[in-house]
Amino acid sequence: MQKKRPVNIGLLGIGTIGSGVAKNLIAKSKTLARQAGSPLALKIVAEKDVSKHGMPGLGKSLFTDDYREVVYNSDVDIVIELIGGEYPAVNYIKEALTNGKHVVTANKEVMAKHGTELLSIAQEHHAGLRFEASVGGGIPLIAPFQRDLVANDIQAIYAILNGTTNYILTRMSHDNLDFNVALKQAQKLGYAEANPANDIGGLDAAYKLAILTSLGFDMDVNFKEVFYEGISRLEPRDFRYASEFGYAIKLLAVAKRSGNLVEARVHPVLIPAESLLAKVDGVYNAIYVTGDLVGNVLFYGQGAGPAATSSAVIADIINIAQNINTRRDNAPRFIPEKTSGIKPMADIQTRYYFRMDILDQVGVLAQISAAMGNQAISISSVIQKESDPSHKTAEIVIMTHPAQGSAVQKAIKVINKLAVVKRISNFIRVEAI
Ligand code: HSE
């Protein structure tokens, strides 16, 4: 049989993930060639930072600082975009697809904001567009949603999609660390993004949730409608109190069907301490999916890091190469449609945990419960925690029954104005899972 020609790869961006991908393409070339049906040749790397040009097994002559030498290179079959960020990455991907190149990307921001448009461009140009590494690093998620779970109506996705925040929350919970101390440790260990604001503010997880929601619910998600809130308001005492009620606190990405709409939101939540997601500690990610046929499925693993992310990027490259070698169309089959909308947060019902500093005197609880009752918020339990006799104050924790988001916001406004309430220190949603 005639030997197949190599499938040629051009890489855009050789930072941490790019170096990991390049290293493994070289180190595993024999195994990968067998899987792909022909050798995979890393032909050219575009990297603006020339100090990164050259690495073992990849001489400086293969590097350029001009992306066009990759995207418009007639020898290149697959463009790997590992630059990150929205611009210019999205434009490079569009140009590559329009030029008939297959594209593999790890770019969550681009796929969350422009995924549907890019998939349509890919389809139109019979080009592949794969993005397994954009969510959950090395955890297989995109392919299962696109293939193995398609017979299901997905009912819910509950996911820990950000390793940095899960690490921070684990340290706050297990070691009683303050948020800032735990964040510094996460940065020292190299878990946080260059700009940790995206991790701790929930944006990183929101990008990933938008991608999963789009696949799981087969819908064109408008990223602007995905609610996200970060973890910086949490204090070690919230974890202690939650634990007394039988809960753990996690930054959860939640997508679930709700009538004709879909909820898509990222925020801290109290979840039952015995639930599987409550046991996911440290930098790990986990994605818990419920489908009408399959029931519950749990995906768990490393959501970041060059080795785990390379596993997903290289799998995408091999899938495209296999199709090239067997002359199958790489074009995406499913383009999400505007089948459903995202439910506004004001309309979403969950239980709530409140922590408040109050004056330790007669009638205070009655005023708080009246403010809640007026908004049809029913209290399920109240515990008085620490009191400070010298200031005549006490800290109380209130758990509510399910309450409407808009009602809770109104009650908070009223409670904040009560003279007997010094402050609402925190309020956190509760999910039964
Ligand atoms: N910074 C992300 C995290 C990894 O902490 O999970 C890349 O998406």
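Begin by selecting helix α7 in this predicted model, where Gly163, Thr164, Thr165, Asn166, Tyr167, Ile168, Leu169, Thr170 and Met172 are buried. To see what covers these buried residues, add the surrounding elements to the view, which include the strands β7 (154-160), β9 (247-258) and β11 (284-291), together with the helices α8 (179-188), α9 (197-200) and α11 (236-244). Helix α7 itself spans residues 163-175, and its 13 residues reach 17 Å from the first C-alpha to the last, which is close to the 18 Å expected at 1.5 Å a residue.

Now look at the two ends of α7. At the N-terminal end, show the side chain of Asn162, which caps the helix by placing a side-chain oxygen 3.3 Å from the backbone nitrogen of Thr164. At the other end, α7 is followed by Asn176, a residue whose phi is positive, near 60°.

The next stop is the open sheet, for which you can select six strands and follow them in the order β3-β2-β1-β4-β5-β6, with parallel pairing. At its edges lie β3 (63-64) and β6 (129-130), each of which pairs on one side only. Helix α4 (residues 89-98) packs on this sheet, where it touches β1 (7-12), β4, β5 and β6, and the direction of α4 makes about 155° with that of β5. For a single pair of strands, select residues 78-81 for β4 and residues 102-105 for β5, which run parallel and are joined by four bridges. Within this pair, Ile78 has His102 of β5 as its bridge partner.

From the sheet, move to a pair of helices by selecting α2 (residues 29-36) and α12 (residues 306-325), whose axes come within 8 Å and cross at roughly 45°. Because of that crossing angle, α2 counts as oblique to α12. If side chains are displayed here, the meeting residues can be picked out: Leu32, Gln35 and Ala36 on the α2 side, and Ile314, Ile318, Ala321, Gln322 and Asn325 on the α12 side.

Finish at Asp357, which you will find in strand β13 (residues 349-359). Leaving aside residues up to four places away in sequence, Asp357 touches Ala394, Glu395, Val421, Lys422, Arg423 and Ser425. As a last selection, add Glu386, which is separated from Asp357 by 29 residues in sequence and by 9.4 Å in space, C-alpha to C-alpha.

Technical notes: Residues numbered from 1 in each chain as written. Predicted model: local features only at pLDDT ≥ 70, side-chain atom pairs only at ≥ 80, totals over all residues. Heavy atoms only, no water. Pairing = 2+ DSSP bridges. Contact = heavy atoms within 4.5 Å. Axes fitted to C-alpha atoms, helices over the stretch in contact; angles between N-to-C directions. Expected span 1.5 Å × (residues − 1). Buried < 20%, exposed > 50% of the residue type's maximum accessible area, 1.4 Å probe, protein only. Polar contact = N/O pair within 3.5 Å; in protein donor to acceptor, adjacent residues only side chain to side chain. Parallel < 35°, antiparallel > 145°, perpendicular 65-115°, else oblique.
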